[in-house]
Amino acid sequence: MEQLRRTKITDLLKSTETGHTVNVKGWVRTKRGNKQVNFIALNDGTCIHNLQIVVDVPNFDEALLKRITTGAAISINGEVCESTGSGQAVEVLAKEIVVMGECDPDKYPLQPKKHSLEFLREIAHLRFRTNTFGAIARVRHAMIFAVHEFYTKKGFLNIHTPIITASDAEGAGEMFKVTTLDYENLPRTEEGQINYKEDFFGKATNLTVSGQLEGELAALALGEVYTFGPTFRAENSNTSRHLAEFWMIEPEMAFYDLDDNMDLAEEFLKYLIKYALDNCMDDLKFLSSRLQEEEKNKKADERTMELIEKLQFVLSNDFIRLPYSDAIDILKNSKPNKKGKFKYPIDGFGSDLQSEHERYLVEKHFKKPVILTDYPKDIKAFYMKQNDDGRTVRAMDVLFPQIGEIIGGSQREEDLDKLTARMKEMDIPAEEMWWYLDTRRFGSVVHSGFGLGFERLMLFVTGMGNIRDVIPFPRTPKTAEF
């Protein structure tokens, strides 16, 4: 085969130029035809679309063509011609074909038919080759790039915070332990407790649940920073919304109050969604069609908003901002609550809002994204700025259609006395958090931040219904394959 520089399929399909010879490489999606002509649908992962390869059968060895099956990797030199079929401007008339990697059609699990998402999770090492997961992978990359572009343009610094930590940022206690101790022969103290002084770090350590606390340390010197890294929760949950390993984006900003924090969160989300619409439209159209096909047998009022319409809905609306107490009044007096249709009834102030409540506010009541503020301190973390009323904190949650909370954040408590008193109330040892408290001792300032779960964002942007389908290799209870 003549050595030609490879042309990516996405670049070839964007061009209308014909009559020249190219080399394309990829994986066979389908092959059909007769004794005179074969049509190969080739995909190289660069876009959702396949390139049609036209093979004049008499010009090729029969044994070679038999080796070209679904899943096989091939390299083709051929002439770019105007396509006679619909859907693309050009196709390639094959002149030379090399089978780079054969694929046994009897054993290859991805046949040219519809596969369930559950089945594809079992073969996550191959699901990238499907249209759905190719689209998700490209959108995920675009969102990663857009996150870094947004904060770079605004002058934020990206900070790498520790994955191994001795602190529990949320106080939740559901953390994965990190140790080199021998489970068969654990060292013990005189009291019979595990002696972590003999462990690698000399103390008990865990995988991080958040980079926020370390992000605050950086923000109180560098002004505006953000983290984007893996986080881990040892929560034994098998819902469609939970992962044991996921990615978090956590900006922390000195001199930002709660209003500044809300402004940034709204600007950030709109930037990401606009980036997806501007740069991923082909993949979004495919994902939208997939979702509509999936929901075609549902009643009209049970279907989700069309994907691209939903994304544009967020861009075209200013986010409603209201205190938690007002939201409770709305929910308490709502028809679903009065008629007992909420799974978790709203009794009054202090109720911890669930996804059904958040979605009601966004989708039914306001019909706009919502930011709730000033939550009861008893249901929020120790580091949140306390209000003068003594019972609420300067928290903020951004609520979206379909998924409910997408961002959670707050103005942070900068007052040392109030922070230490709150830690005492919540049994958080101040001596273990001396480094965090030092930022309140030495030049403390008003500061704020929030966290965006990246896979939550991906659920929203792709329209997928299960969080296990928007991360390449999901980690969930009893599942750590690949």
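**Local backbone features, strand pairing and nonpolar cores**

Lysine 478 is located in the segment that comes after helix H14. In this predicted model, lysine 478 adopts a positive phi of about 65° although it is not a glycine, and with a relative accessible area of 86% the residue is classed as exposed. The helix that precedes this segment presents another picture: eight of the nine residues of H14 (residues 454-462) are buried, so the helix is largely enclosed by the rest of the structure. The buried residues of H14 are Phe454, Glu455, Leu457, Met458, Leu459, Phe460, Val461 and Thr462. Glycine 463 follows H14 and has a positive phi, near 80°.

A positive phi is also found at phenylalanine 255, where the value is about 70° although the residue is not a glycine. Phenylalanine 255 lies in the loop between strand E11 and helix H6, and its relative accessibility of 61% places it among the exposed residues, for which the cut-off is over 50%.

Strand E11 (residues 245-254), on one side of that loop, is mostly covered, with eight of its ten residues buried. E11 pairs with strand E10 (residues 224-232) in the antiparallel sense over nine bridges, and in this pairing phenylalanine 232 stands opposite glutamate 245 in E11. E11 also pairs with strand E16 (residues 447-453), again in the antiparallel sense, over five bridges; here alanine 254 is placed opposite histidine 447 in E16.

A further set of strands forms an open sheet of three members in the order E7-E9-E8, with antiparallel pairing. Strands E7 (164-165) and E8 (177-178) stand at the edges and have a single partner strand each, so one side of each is left without a neighbour in the sheet. The pairing of E8 with strand E9 (residues 205-207) is antiparallel and runs over two bridges, and valine 178 stands opposite threonine 205 in E9.

In soluble globular proteins, nonpolar side chains tend to be buried together. In the present model the largest nonpolar core comprises 67 residues, and those with the most contacts inside it are Met143, Tyr151, Leu284, Val398, Phe400 and Ile406. The element that gives the most to this core is helix H6 (residues 258-279), which supplies eleven residues. A second, separate core of 29 residues includes Ile330, Leu361, Tyr383 and Met433. The surroundings of phenylalanine 400, when neighbours within four places in sequence are left aside, consist of contacts with Leu269, Ile273, Val314, Phe319, Val362, Pro369, Ile406 and Phe460; of these contacts, Phe460 is also one of the buried residues of H14.

A search of the whole structure finds 21 aromatic pairs. One of them joins phenylalanine 145 and tyrosine 275 in a tilted arrangement, with 6.0 Å centre to centre and 40° between the planes. This pair links distant parts of the chain, since phenylalanine 145 belongs to helix H4 (residues 131-153) and tyrosine 275 to helix H6, 130 residues apart. The two partners differ in their surroundings: phenylalanine 145, at 40% relative accessibility, counts as partly exposed, whereas tyrosine 275, at 17% relative accessibility, counts as buried. Phenylalanine 200 and phenylalanine 201 form an edge-to-face pair, 4.8 Å centre to centre and with 75° between the planes. Within this pair, phenylalanine 200 is exposed at 61% relative accessibility, while phenylalanine 201 is partly exposed at 42%.

Ring pairs also connect Phe150, Tyr151, Phe156, Tyr226, Phe268, Tyr271 and Phe450 into a cluster, and Tyr151 in this cluster is among the residues with the most contacts inside the largest nonpolar core. Two further rings are found with a charged group placed over them. The charged end of lysine 380 sits over the ring of tyrosine 375, 4.2 Å from its centre, and the charged end of arginine 440 sits over the ring of tyrosine 436 at 4.3 Å from the ring centre.

Finally, an annotation was set beside the model. UniProt, in an unreviewed entry, lists residues 277-311 as "coiled-coil region". Over residues 277-311 the predicted chain is 63% helix and 0% strand, and the end C-alpha atoms are 8 Å apart.

Definitions and conventions
Residues numbered from 1 in each chain as written. Heavy atoms only, no water. Core = buried A, V, L, I, M, F, W, Y, C linked by side-chain atoms within 4.5 Å. Buried < 20%, exposed > 50% of the residue type's maximum accessible area, 1.4 Å probe, protein only. Helix = DSSP H or I, 4+ residues; strand = E, 2+ residues; numbered from the N terminus. Contact = heavy atoms within 4.5 Å. Pairing = 2+ DSSP bridges. Phe/Tyr/Trp six-rings, centres within 6.5 Å; stacked < 30°, edge-to-face > 60°. Lys NZ or Arg CZ within 6 Å of the ring centre and 35° of its normal. UniProt positions renumbered as here; feature names shortened; annotations may be inferred.
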